[in-house]
Each structure stands twice: as structure tokens, then as C-alpha cells.
Amino acid sequence: MKIIMLGAPGAGKGTQAKQIAEKYGIPHISTGDIFRANIKNNTELGRKAKEFMDQGLLVPDELTCDLVMDRIAEDDCKNGFVLDGFPRTIPQAEALDAALAKTGQKMDFAIDVDVADENIVNRMGGRRACLNCGATYHIVSIPTKQEGICDKCGNPVVLRDDDKPETVQRRLTVYHEQTQPLIAYYKKQGILKSVDGSQPMEKVFSNIVASLA
Ligand code: ADP
Ligand code: ADP
Ligand code: ZN
């Protein structure tokens with residue numbers, strides 16, 4: 001099963017994608033996580049991507065597309081994958097379709113996790129991320145067992161630089177301008193599923209599973 005997660009920054013794409021990956025036994029591919037790992041390791045890609053990410057802007061398609069195409073060509077993607085945070089622009093979606101078409105494949109589902117902007121600001125302000133293992137929490141709705149410490153690996157959890165209020169607004173504007181048009185793109189392909197992302201995490205997940213059946 002080949003799945004795309006759509007939705008505003010902070011809508012809960014990552015939270016749901018991890019559960020989907022586990023349930024269906026497919027890899028979770030997050031472009032944001034790949035960029036953050038490159039930043040942490042101070043690679044050339046990381047240094048380039050950081051300039052855009054810190055400003056709340058998208059990393060250019062030239063730096064993003066090849067990286068995803070290489071990743072989905074790996075062996076563990078044979079039975080499918082869940083893309084989280086890619087595509088984020090129409091050219092990225094077209095590049096993905098073109099790459100898959102070369103081997104006679106296509107995406108199966110695009111799941112739009114729908115959350116109103118008012119709600120997003122709160123989600124991102126309360127998000128805490130583990131820079132070591134990538135686990136994500138929320139100070140109110142999904143807290144760590146011990147304050148400030150990742151449940152999974154024991155490292156500190158932090159507010160991401162780009163989750164600070166001044167950057168969140170910019171990211172939302174970028175989402176509406178560049179990413180939201182993908183909803184119509186996948187609707188036209190007949191593979192769009194929309195779920196109400198404002199519900200509790202477990203409810204959102206059961207709605208997604210039901211929509212894939
Ligand atoms: P969120 O989970 O809040 O949606 P991500 O972790 O997916 O954020 O992405 C963080 C940042 O990484 C984005 O704001 C953007 O700068 C960059 N990024 C991630 N994926 C892409 C992509 N497909 N195209 C361009 N930039 C991307
Ligand atoms: P995205 O990957 O779309 O940027 P995340 O999965 O990182 O979003 O979720 C954003 C924030 O909202 C995180 O702090 C996460 O713990 C929290 N969150 C995710 N899903 C829900 C939910 N259904 N209800 C409340 N908070 C949620
Ligand atoms: Zn951790």
C-alpha cells in the first residue's frame with residue numbers, strides 16, 4: 001500500500017503516519033525527519049535545507065525530489081510506504097507520479113488530515129520533539145511520562161526552532177499557497193480520503209483505517 005499524508009503543518013500527519021507504518025508493516029518516510037537528520041549531521045544538504053526551514057519556507061524541489069525518489073526505490077519499499085510531508089508542491093507530486101509510472105506503479109491513497117488553522121497554532125506551540133529518535137509529543141494532549149524526557153529513548157524533548165509562533169504563521173501561509181492545491185490534485189485522481197483531524201488521536205487513526213478498507 002502506497003500512501004501520502006496531506007495536511008497543514010501540525011495537523012497530525014507524523015503521529016498518524018507512524019501508526020499506519022506499524023499497522024501495515026511499511027516504512028514511514030518523512031522528508032522533515034530526513035532534513036533534520038542531515039542538519040544534525042551537518043551535511044551539505046542539511047546546511048542548505050536549514051536556511052529555508054528556519055524561515056518557515058519550503059526547501060526547493062531540486063533538493064527534495066531526488067532524495068525521495070532514491071528512498072522509495074530501496075528494497076524495504078517494495079510492498080509500499082507512507083510518505084509524510086512529501087509531496088508539498090504540485091511539481092513534487094508530478095515528479096512522484098512520473099517516477100512511479102516508469103515502473104508501472106501509482107499511489108494508492110492520499111489522506112488529508114483536516115484541522116482548522118486556529119487549532120494548528122496550539123498544536124505546534126505545544127509540540128515537543130525528541131531530536132534523538134524523532135518521537136513527537138504534545139504538552140497537553142500527548143505528554144511525555146516524565147516532563148521534558150522522551151518516553152522511548154530518554155533524551156530531552158524540545159520545541160523545534162520552526163515551531164516558534166513567528167515561524168508557524170509563515171508556514172501556514174506557505175501551506176495554503178503551495179501545498180493545499182494537492183487536495184484537488186489527488187481528488188481528481190480519485191484517491192483522496194479526508195479525515196477530521198481535530199478528533200482525539202485514536203479516533204483519527206480508526207477513521208483512517210476505515211477509509212483504507
Ligand atoms: P511538519 O511536521 O510541521 O509539517 P515537517 O517536519 O514535515 O513539518 O517539515 C519541516 C520543514 O522541512 C518544512 O517547513 C520545510 O521547510 C521542510 N520540508 C519538509 N518536507 C518538505 C518538502 N516535501 N518540500 C519542501 N520542504 C520540505
Ligand atoms: P505534523 O506531522 O502534521 O506536523 P504531528 O504529528 O507532529 O503533526 O502533530 C503535531 C502536534 O499535535 C504534536 O505535538 C502531536 O503530539 C499533537 N497531535 C497529533 N495528533 C493529535 C490529536 N489527534 N489531538 C491532539 N494533539 C495531536
Ligand atoms: Zn527519543
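Helix axes are taken here as lines fitted to C-alpha atoms, for helices over the stretch in contact, with angles running from 0 to 180 degrees between N-to-C directions. The model described is a predicted one. In general, two packed helices are described by the angle between their axes and the distance between the axes. On these terms, helix H2, spanning residues 31-40, and helix H3, spanning residues 44-53, have axes that come within 8 Å and cross at roughly 120°. The crossing of H2 past H3 is left-handed. On the H2 side, the contact is formed by Gly32, Phe35, Arg36, Asn38 and Ile39, which meet Leu45, Gly46, Ala49, Lys50 and Met53 of H3. Sorted by class, the residues of this contact comprise five nonpolar, three polar and two charged.

Within this pair, Leu45 belongs to helix H3. When neighbours within four places in sequence are set aside, Leu45 is in contact with Phe35, Asn38, Leu63 and Leu67. The C-alpha atoms of Leu45 and Ile34 are 9.9 Å apart, for a separation of eleven residues in sequence. The loop between H2 and H3 contains Asn42. Although Asn42 is not a glycine, its phi is positive, at about 55°. A second backbone feature is found at Phe86 and Pro87, which are joined by a cis peptide bond with omega of about -5°. Pro87 is placed in the loop between strand E3 (81-84) and helix H5 (90-101). Both features can be set against the general pattern, in which most residues other than glycine have a negative phi and most peptide bonds are trans.

The model also contains ligands, of which ligand 1 is surrounded by 20 residues. Among these, Thr31, Leu57, Gly85, Arg127 and Arg171 come nearest. Helix H2 gives four residues to the shell around ligand 1, the largest share. An N or O atom in the side chain of Thr31 lies 2.7 Å from a nitrogen atom of ligand 1. Arg36, which also takes part in the contact of H2 with H3, places a polar side-chain atom 2.9 Å from an oxygen atom of ligand 1. The backbone contributes as well, with an N or O atom of Leu57 at 2.7 Å from an oxygen atom of the ligand. Ligand 1 taken alone exposes 560 Å², of which the protein buries 96%. The shell around ligand 1 divides into seven nonpolar, six polar and seven charged residues.

Ligand 2 has 18 residues around it, and those that come nearest are Gly10, Lys13, Thr15, Arg127 and Tyr137. Arg127 is thus listed among the nearest residues for ligand 1 and for ligand 2. Two polar contacts to ligand 2 involve backbone N or O atoms: that of Gly10 lies 2.7 Å from an oxygen atom of the ligand, and that of Lys13 lies 2.8 Å from an oxygen atom of the ligand. A side-chain N or O atom of Ser141 is 2.9 Å from a nitrogen atom of ligand 2. On its own, ligand 2 has 560 Å² of accessible area, and the protein covers 92% of this. Helix H1 (13-24) and strand E6 (136-138) are the elements that give two or more residues to the shell around ligand 2. By class, that shell holds seven nonpolar, eight polar and three charged residues.

Key. Residues numbered from 1 in each chain as written. Chains lettered and ligands numbered in written order. Predicted model: local features only at pLDDT ≥ 70, side-chain atom pairs only at ≥ 80, totals over all residues. Heavy atoms only, no water. Left-handed = near helix turned anticlockwise from the far one by under 90°. Contact = heavy atoms within 4.5 Å. Nonpolar A, V, L, I, M, F, W, Y, C, P; charged D, E, K, R; others polar. Near = heavy atom within 4 Å. Polar contact = N/O pair within 3.5 Å; in protein donor to acceptor, adjacent residues only side chain to side chain. Areas by Shrake-Rupley, 256 points an atom, 1.4 Å probe, with all protein chains shown as cover.
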